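Reader: I'd like a close look at the charged pairs in this one. Could you walk me through them?
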Amino acid sequence: MKKIGLVLGGGGARCFAHLGIIEVLQNNNISIDCIVWSSMGSIIGALIANEIPIETIKSEFFKFTNRLKWFKPAISKNGFISQSNIKRILKDLLTDTNIENSKIKLLIVATNLNTAELNVFSSGDIIDAVCASSAFPGIYPPVTINDNVFVDWGVLNNIPADICRENIGKDNIVISSVLEGSFYNTTLDYNRNPFSVIWRSIYIPLIKSREKIVEENSDIILKPLKEIEFNFHNWKDILKFYNVSLMEYYYQKGKEEMQRKLPLLKKILDEKNKM
């Protein structure tokens with residue numbers, strides 16, 4: 001049987017779309033052999049890789065007391081939100097915090113500021129690795145591990161399909177989930193919104209680079225939130241872990257997208273298993 005690698009990129013609260021995708025795979029008895037996560041997706045990845053039920057994850061994030069804690073100020077000049085809520089959720093739900101002991105092979109990717117290179121965490125403490133991978137610059141403080149300083153892998157590549165392909169092999173299947181909205185069909189009036197000119201100009205090379213990596217290394221590309229226009233106003237929604245209805249919306253969109261691509265996945269599985 002061919003193996004399946006799942007690449008779930010970052011997107012803050014939008015990562016609940018990943019849960020919807022995984023639920024459809026589980027309900028169809030399609031097993032995942034390797035999970036590669038980046039940014040805030042690594043929180044969901046750490047829990048799924050350790051077989052924490054989806055309903056348990058949703059319940060933990062949806063608790064009113066937990067939602068209040070997402071914006072606890074950080075005691076740092078390098079970020080204004082503490083990662084204490086991330087750490088607490090992982091500690092409460094995981095019985096083993098060693099990456100290498102995860103039930104599903106787990107790779108967590110972060111950017112090493114010291115070397116300007118990627119770092120793939122395949123062993124060590126899950127909580128440290130998740131905090132490093134999800135430390136979005138300016139929002140969360142960078143994380144120091146073994147004298148190296150790490151931030152969100154999204155700085156270099158938010159959807160590490162290439163890392164998954166390297167680890168699972170060319171003959172197996174890579175599914176990549178992209179949580180970015182539509183970058184091309186914008187209705188923005190640039191003459192009236194100069195900030196959008198700056199915003200999009202910064203992101204154009206990043207988006208193009210991500211698209212190339214995903215397209216070259218994926219058998220199936222999922223875009224559950226493709227109808228959301230890519231702009232700064234919508235981007236701010238990634239911080240809305242306090243909004244249950246929004247997280248539930250993302251979750252349902254993930255389910256819908258995976259259901260649409262399920263026939264294609266089954267076809268690819270059949271074809272590759274006959275090879």
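Which residue forms a salt bridge with K212, and how far apart are the closest N and O atoms?

Author: Keep in mind that this is a predicted model. The partner you're after is E216, with the closest N and O atoms 2.8 Å apart. Both residues sit in helix α8, and because they are four residues apart there, about one helical turn separates them. E216 is exposed, at 55% relative accessible area. Salt bridges that share partners also tie E60, K63, R88 and D92 into one network.

That's part of a wider set: the structure holds 13 salt bridges. Take K255 and E23, whose closest N and O atoms are 3.1 Å apart. This pair links distant parts of the chain, with K255 in helix α10 and E23 in helix α1, 232 residues apart. K255 counts as partly exposed because its relative accessibility is 24%, whereas E23, at 14%, is buried.

R165 and D219 make another salt bridge, 2.8 Å from N to O. Here too distant parts of the chain are linked: R165 belongs to helix α7, D219 to the loop between α8 and β8, and their positions lie 54 residues apart in the numbering. R165 is buried at 14% relative accessible area, while D219 is partly exposed at 26%.

Helix α10, home of K255, turns up again in the largest nonpolar core, where it supplies the largest share, nine residues. That core has 69 residues, and F61, L90, L106, F121 and L265 touch the most other members.

Terms used
Residues numbered from 1 in each chain as written. Predicted model: local features only at pLDDT ≥ 70, side-chain atom pairs only at ≥ 80, totals over all residues. Heavy atoms only, no water. Core = buried A, V, L, I, M, F, W, Y, C linked by side-chain atoms within 4.5 Å. Buried < 20%, exposed > 50% of the residue type's maximum accessible area, 1.4 Å probe, protein only. Helix = DSSP H or I, 4+ residues; strand = E, 2+ residues; numbered from the N terminus. Salt bridge = Lys/Arg side-chain N within 4 Å of Asp/Glu carboxyl O.
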